[in-house]
Amino acid sequence: MTAPGFGAELFLGRLRTGLLTLPPGDPRRLADEDEQFLTRLREFCEKEIDGGLVEREDRIPDAVIEGLKDIGAFCIRIPREYGGLGLSGRCYFRALMTVTTVHAALGELLAAHQSIGLPQPIALFGTEEQKRTFLPRCVREISAFTLTEPDIGNDPFRMRTTAVPDAASGTYILDGVKLWATNGVIADLLVVMALVPASDAGPGGMTAFVVEADAPGVTVEHRSSFLGLRGLENGVIRLHDVAVPAAHRIGDEGAGLDIALAAQDTGRLSLPAVCAAAAKWSLKVAREWAGARVQWGRPIGEHDAVAGKLAFIAATAFALEAMVEVTGHHAESGATDTRLDAELAKLFASEQAWLVADELVQLRGGRGYETAASAAARGERGVPAEQLLRDLRIGRIFDGSTEALRTFIATAVIERHRSGTGQPLTPGSTGRPDAERASAPEPLTRHRSFAREAAHDLARAIDAHAQLPDTELDDHQRQLGRIVDIGAELYAMAVACAYAEALADRHGEGPVRLADAFCAQSRRRIAGLFEALRDNTDAGDRAVARRLLDDRFTWLEDGIVDASTDGPWIAEPRPGPATVRTLRRKVPAPGPNR
């Protein structure tokens, strides 16, 4: 049985820093075959991909997609026995970081296929026959995961897509409409979640199926456009009388939600990897710009207001890389359950990377707001800072929105407190099951002492909320969110310290200094969150919101013009045949496996 991970112990008041310790050696060094692949990938990105072209044309060229297939970028973690590269999870995260810095849509293309697309559900829940059938295809064919529908987001129990078994033909007949299917416009294979009706044969329920994207009755009705992520092949997919062989059902009937959550868990660090890459790029641009731009006789980086921004960007970039490297290593080892760690990483990284991008735009001034193409056209370096801001914004929404993820984490933590599966610390207990390294630098020891005491206070806050009936918890969502955010900050502090210690022998004082800066900044945020637990405006805000929903303040909206188009807030999904031609874009037919 897998032991509880750092995050699970943290919310019980136990700062188990030993669970984050990395093995001896350079933590940044990967296996030779991993490094060789990343070198090939970087060379391909530098020589063959024009991120500006993707941005202008809102499309990843076929030649780029085919080139990524040729070097194995779509099958990094697929085992060699099924034709994949069989490389490590950390190599996969590094690959996402590399392609994302060329253009964000490239990272989503690879992650939607490998993190939640067909390879993960089949690897985790597929039969051996399904693995032999589909995993070799996933080496060069693109997959998409379809769960969301027009009327459901984080509430999958409202799903309307159905899968009715037909015993005579040995198939299921699928009907429904799926929204925001990333890769759906170019996919060869779809993972479709649908409801099987209850019957004498079984309880039915949400079930996962493999669907051929070119099967009769599958139609890409719309290609969606967004604030950022231009080039993302995301669309609306209609399924009408789509016959799917029973052999293409993944797992048992009713196991669909477990499959979806498990696939999502394994890919949860993908977004933190993307965020870490964005922060590292922001650091490079901020450092170079702050040294080149002179105001009032000095480079702007020497002015105190800008120095604060530089320190925040550098410290946060270090912490985000630490999350990916430390948690990625322990997730791959399998010795502890890192699911909660990865959820905290997703929550923290998506919020902090957005702030980093915002600070970069501010630091660049008017040039931060200007597009890279415009700056280049007038003779200056084209720096896509405003594009980064647009591209990163989705991170706080998809793969579990910040608000939903806080609620999910808080609910799980409270349930664990209530069930007694992990007893929280009692007042006066030390919670020091891990001995500190005698050689740990003084700043890290000091920050860990703070984090240990804060973890005790955090556990007591959780325990107090665990005493409340469920009917009252809904009015404490923001309080629970603050509790989860404190946990995320403490997790970030702990991984930053662990990563700094592992790097210290090879990079001198730099890693410790960055970890020290990050922890000092984090401690101030934690203090503010604890203060907000004690003193906040939540009750008054709820009262205002109720009056708003009762149309008591509509007078405040006088004098504006609503530029929205007419139409329903949520389109009613209407079952039936397609009324438009499919917009599916067929990337050149798959060639033989490498």
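Here is a short back-and-forth about helix packing, cores and a few single residues in this predicted model.

Student: Let's start with α11 and α12: are they roughly parallel or roughly antiparallel?

Tutor: Helix α11 covers residues 304–333 and helix α12 covers residues 339–364, and their axes come within 10 Å. They cross at roughly 155°, and angles over 145 degrees count as roughly antiparallel. So α11 and α12 are roughly antiparallel.

Student: And how many nonpolar residues are there in the contact of α11 with α12?

Tutor: The crossing of α11 past α12 is left-handed. The contact's residues include four polar and three charged ones. The nonpolar count is 15.

Student: What about α2 and α5, are those roughly parallel or roughly antiparallel?

Tutor: Helix α2 (residues 32–48) packs on helix α5 (residues 89–100) with the axes 10 Å apart and an angle of about 15°. Angles under 35 degrees count as roughly parallel. That makes α2 and α5 roughly parallel.

Student: Which residues of α5 are met by α2?

Tutor: α2 passes α5 in a right-handed crossing. On the α2 side, the residues are D34, F37, L38, L41, R42 and C45. By class, this contact has seven nonpolar, one polar and three charged residues. The partners in α5 are C91, R94, A95, T98 and V99.

Student: Now the largest nonpolar core: which helix gives the largest share of it?

Tutor: That core has 147 residues, and F37, L68, L118, M193, L320, L490 and F518 touch the most other members. The largest share is 18 residues, from residues 477–507, which is helix α19.

Student: How many residues are in the other core?

Tutor: Another core lies apart from the largest one. Among its members are V192, A194, V196 and V242. Its size is 21 residues.

Student: What does L320 touch, beyond residues up to four places away in sequence?

Tutor: L320 is one of the residues that touch the most other members of the largest core. With residues up to four places away set aside, L320 touches C275, A276, A279, F348, A349 and A353.

Student: Is H330 buried or exposed?

Tutor: H330 sits in helix α11. Neighbours within four places aside, it is in contact with L19, L20, T21, L22, A335, T336 and T338. Its relative accessible area is 11%, and the cut-off for buried is under 20%. H330 is therefore buried.

Student: What is the phi of D241?

Tutor: Most residues other than glycine have a negative phi. D241, in strand β8 (residues 234–245), is not a glycine, yet its phi is positive. With 47% relative accessibility, D241 counts as partly exposed. Its phi is about 50°.

Student: D551 has a positive phi too; is D551 buried or exposed?

Tutor: D551 lies in the segment after α21 (538–549), and its phi is near 60°. Its relative accessible area is 54%, and exposed means over 50%. D551 is therefore exposed.

Student: How far apart in space are A504 and A440, C-alpha to C-alpha?

Tutor: A504 is in helix α19 and counts as partly exposed at 22% relative accessibility. A504 and A440 are 64 residues apart in sequence. In space, C-alpha to C-alpha, they are 9.9 Å apart.

Student: Last one: what separates the C-alpha atoms of L124 and P79?

Tutor: L124 is in helix α7 (residues 119–125) and is partly exposed, at 41% relative accessibility. Along the chain, L124 and P79 are 45 residues apart. Their C-alpha atoms are separated by 12 Å.

Note on methods
Residues numbered from 1 in each chain as written. Predicted model: local features only at pLDDT ≥ 70, side-chain atom pairs only at ≥ 80, totals over all residues. Heavy atoms only, no water. Axes fitted to C-alpha atoms, helices over the stretch in contact; angles between N-to-C directions. Helix = DSSP H or I, 4+ residues; strand = E, 2+ residues; numbered from the N terminus. Parallel < 35°, antiparallel > 145°, perpendicular 65-115°, else oblique. Left-handed = near helix turned anticlockwise from the far one by under 90°. Nonpolar A, V, L, I, M, F, W, Y, C, P; charged D, E, K, R; others polar. Core = buried A, V, L, I, M, F, W, Y, C linked by side-chain atoms within 4.5 Å. Buried < 20%, exposed > 50% of the residue type's maximum accessible area, 1.4 Å probe, protein only. Contact = heavy atoms within 4.5 Å.
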